[in-house]
Every structure is written in structure tokens, then in C-alpha cells.
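Colleague: I should be grateful for a close look at one part of this structure, with the terms explained as they arise.

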Amino acid sequence: RVAMIGTGYVGLVSGACFADFGHIVTCVDKDASKIERLKNGIMPIYEPGLDALVASNVEEERLFFTTEAAEAIKDADAVFIAVGTPSRRGDGHADLSYVYAAAEEIAGLMNGFTVVVTKSTVPVGTGDEVEEIIRKVRPDADFAVVSNPEFLREGAAIKDFKIPDRVVVGTEDERARQLMHELYRPLFLNETPILFTDRRTSELIKY
């Protein structure tokens, strides 16, 4: 079970593709009207084939949309952070406030061993920060923070997700590694190389 926090470009495409791989995916967004439109099959972005992919997985009851993070995160084995990281005006640095807010929310809601995956484009070292935030909120929590950058091109995003050159996963936690392996299992059939690195290396690869 996967919770996808953020239904922007990356979150929506990744969520729909993971559902198409056979996983149960719940996409969470605070924007109620956007969630309502998604439930009615109206896409917030134009991406060839996305509406059909979403529709078929909603019909198969593998893909869900909600504004309620609690339910989605509580049941999830993996929670992906796919929120925006806009460049700050003035200095061009990535604004990580949405990422950190998501980490804080996840920390309060997760249940049992949970893999928290950063999919957003973030500077090197963000994973360390996310881990610290979760640890601060929930010192007792059983979790691993993983970096799994996306390399999706607009207009070819579904193909890029399903037939990638490679998948990059940054973690040194064995349980997290197995779970990510399981999530991307269908790609092994296409012999896609999955590169496991440490977390900071994965963040650097994205840049």
C-alpha cells in the first residue's frame, strides 16, 4: 500500500503508474477541488494517456484520491513525498517548506514500519533533515527515509516511469531496500537496472 503526498505532475503520474503495477495507491492533496476533479476523471495536467491510466486503475479499485491524509498514511507501507519545491525568489534555492511540512504530518500519522520516500526534487542532505523531523515528532517510530528521484519528461512521463533507463534508490536500510524492490518489481521483467546507492548519492544523481 502506497500513499502519495501531492498530486502534481510527479505525484499523479507516479501514483497512477504504481497502481498500474498492481499496488494499492492513495493520492493525497490538500486542494479539495483538485481531488474532486480527479475523482471525476478530470486531470489537472495534460499528459498523453494519463486520463485513461487513472480511469482504469480507479475502476480496478487500486487508485484512490483523498484530502484526508490520516487514513492513507496509517495503512501505507510506503509514503511518497511528491510536493512542490519551488525556487525561492531572490536566491533560487529550493523552498523545502512543503517537504518538511509533509514529513511532520507523516510522522504523526504513520503506523508500524513505514518507508518514507522523497520523490520531490531536493538538495543533497534533505533526507537527513526529513529523518530528523520525523524522529523529533515520533522518537519511537519505526521508519526509513529513502531518496527515489524522478526523471520524468513532460509528454513522455508515463513511458519514462514504466520503461526507464534506470531507477535510482538511495537507502542503506535493508527492509526499505526490499520494499522498494517490491514496488518496482514489474520493471525487473524488462531488466531495468535498479541502482541502490546511499541516500545522499541518490539526491546528488538527481542534480
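Is Cys-17 buried or exposed? Please continue from there to the cysteine pairing and to the positions that the record marks as a binding site.

Modeller: This is a predicted model, in which local features need pLDDT of at least 70 and side-chain atom pairs count only at pLDDT 80 or more, while totals for chains, interfaces and linings use all residues. Residues are numbered from 1 along each chain as its sequence is written, and side-chain values use heavy atoms, with hydrogens and water left out.

Cys-17 is buried, at a relative accessible area of 0%; buried means under 20% relative accessible area, exposed over 50%, and partly exposed in between (1.4 Å probe, protein chains only). Cys-27 is likewise buried, at 0%. The structure holds 0 disulfides, a disulfide being a pair of cysteine sulfur atoms within 2.5 Å. The sulfur of Cys-27 is 11 Å from the closest cysteine sulfur, that of Cys-17, which is too far for a bond.

UniProt, in an unreviewed entry, places a "binding site" at Asp-29, Lys-34, Thr-85, Thr-121 and Glu-154; the positions follow the numbering used here, feature names are shortened, and annotations may be inferred rather than shown by experiment. Of these, Lys-34 counts as buried at 16% relative accessibility. Neighbours within four places in sequence aside, Lys-34 is in contact with Thr-7, Gly-8, Asp-29 and Pro-44, where contact means heavy atoms within 4.5 Å. With the corresponding neighbours left aside, the contacts of Thr-85 include Ser-120, Thr-121 and Val-122. A polar atom of the Thr-85 side chain lies 2.8 Å from the backbone oxygen of Thr-121.

Terms used: A polar contact is a pair of N or O atoms within 3.5 Å; within protein, one must be able to donate a hydrogen and the other to accept it, and residues adjacent in sequence count only if both atoms are side-chain atoms.
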